[in-house]
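Please look over the sequence and the fold shown here, and then work through some questions about side-chain contacts and strand pairing.

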Amino acid sequence: MNITINNKTVEVSGQKPLIEELRQMGYDIPSLCYDANANHQASCMVCMVRNVVNGQMIPSCSTFPTEGMQIEVDSEEVLSMRRMSIELLLSDHRADCEAPCTIVCPSKIDVAQVLLYYDRGQIDEAHSLLSSAVDAKNLPCKDCKGPCEKACRRGTVDRCVSIREIMEEVADAEVARPVSCHSSANLSKEVFSSKLGRYTAAEKEWLKEVYSQHSKCLHCACEGRDKCKLRECSTKAKIKAPRYGVSSNQIVKEQIHVKGSLYFEPAKCIRCGLCVYNSEDGFTFKHRGFDMQVMIPEESKENVDEKIADICPTGALFTV
C-alpha cells in the first residue's frame, strides 16, 4: 500500500506498526513504552507523528498504516510535542543519573561506582576502577580539597561520606586478583542528567535508617543509566532540565527486592506498563489516572522473570 510521509509517497507493507515501517526507512523515531518483541500499549506518546488530514497526533507504535495515509514525522510541531511528552515524564521521575560526587571530581574518578563496589565488599573491583582513572600509589585525593564531599547528598541528611578516606583505603588495599573493570559514568556535557530534587524531612530519617552500611553512601547514581531510554530520548531532544521540575511523590531510593538479583525502584518508574503487560500475575497497576502507580504484590514476586529488567526503559527495574 502507499502512504505519504513528509509529502513523499512511499510504499509500505502494512503488516507492521508505523514505528517499524518508519525506522526501516531510516527515520529516527524514539520510543519508551514500545518494544518490538514485547506486549505493549501506547502510553508515553514519545513516538508520536502527525496525521496531516485531521491534524491529530497519533502514536506510531500502535498505529498501522492505511492506504492513502498522510503523516508528518519530524516537523517542528511533532518534535515539540515529543519533547513535551518527555518533559512530562521527567517531572515524575525522581532520580540522579550521575552522583554529584562523580560529577564534581577533578580527577574524573567514577566515585559513585567505587563506593558501590566498596559497600558490596568488591574491593578488587573498587581498586581496579580507581586505578583505571588515577595512579593509586600517588592518589590525588590526599591533596584534594574534597569537592566530592561538599557535593555529597548524604551531607544534606546528616554527615557527608568520608570519600577521600575511603579512596585511600581502596588505593592501599591488597588486591587478590586483577579485575577488568570500566567506569559506567557518562559525564559528557552533551548527555542529559536528571536531578532528583531535595529530600523531605521524612525521607531524611528513612535514608538514615536504610543506608547505614559502612560508607553511609546513599548510592545516588542510577544503576540503569547506561541503558536508560528516557535519558537517551532527553539527550536527543536537547533537554537540559525538565521544564516542569520534579513533582513526584514517590519515596526516593526505595528499592524493592523482587527476586534473585532483580530490584524495583518506583521513583524511577514512568508507568509505561511494559513490566505489567509482560509478566503473568506479576507487576500490576495501582489506582488510575495521575495517581496510577506500578507495583509488585508480595505474593506475585515469584512469578516474575528476572529478564524483565531488559525491557524496562529506565533504571526502575535493574539487576545487581
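Buried means under 20% relative accessible area, exposed over 50%, and partly exposed in between (1.4 Å probe, protein chains only). This is a predicted model, in which local features need pLDDT of at least 70 and side-chain atom pairs count only at pLDDT 80 or more, while totals for chains, interfaces and linings use all residues. Residues are numbered from 1 along each chain as its sequence is written, and side-chain values use heavy atoms, with hydrogens and water left out.

Q: Does Arg 231 count as buried or exposed?
A: The relative accessibility of Arg 231 is 5%. Because the limit for buried is under 20%, Arg 231 counts as buried.

Q: Which residue forms a salt bridge with Arg 231?
A: A salt bridge is a side-chain nitrogen of Lys or Arg within 4 Å of a carboxyl oxygen of Asp or Glu. For Arg 231 the closest N and O atoms are 3.2 Å apart, and the partner is Glu 98.

Q: How many residues apart are Glu 98 and Arg 231?
A: Helices (H or I, at least four residues) and strands (E, at least two) are DSSP runs, numbered from the N terminus. Glu 98 lies in the loop between α2 and α3, whereas Arg 231 belongs to helix α9, and the pair links distant parts of the chain, 133 residues apart.

Q: Which residue stands opposite Ile 5?
A: Two strands pair if DSSP finds at least two bridges between them. Strands β1 and β5 run parallel and are joined by two bridges. Opposite Ile 5, in β5, stands Ile 71.
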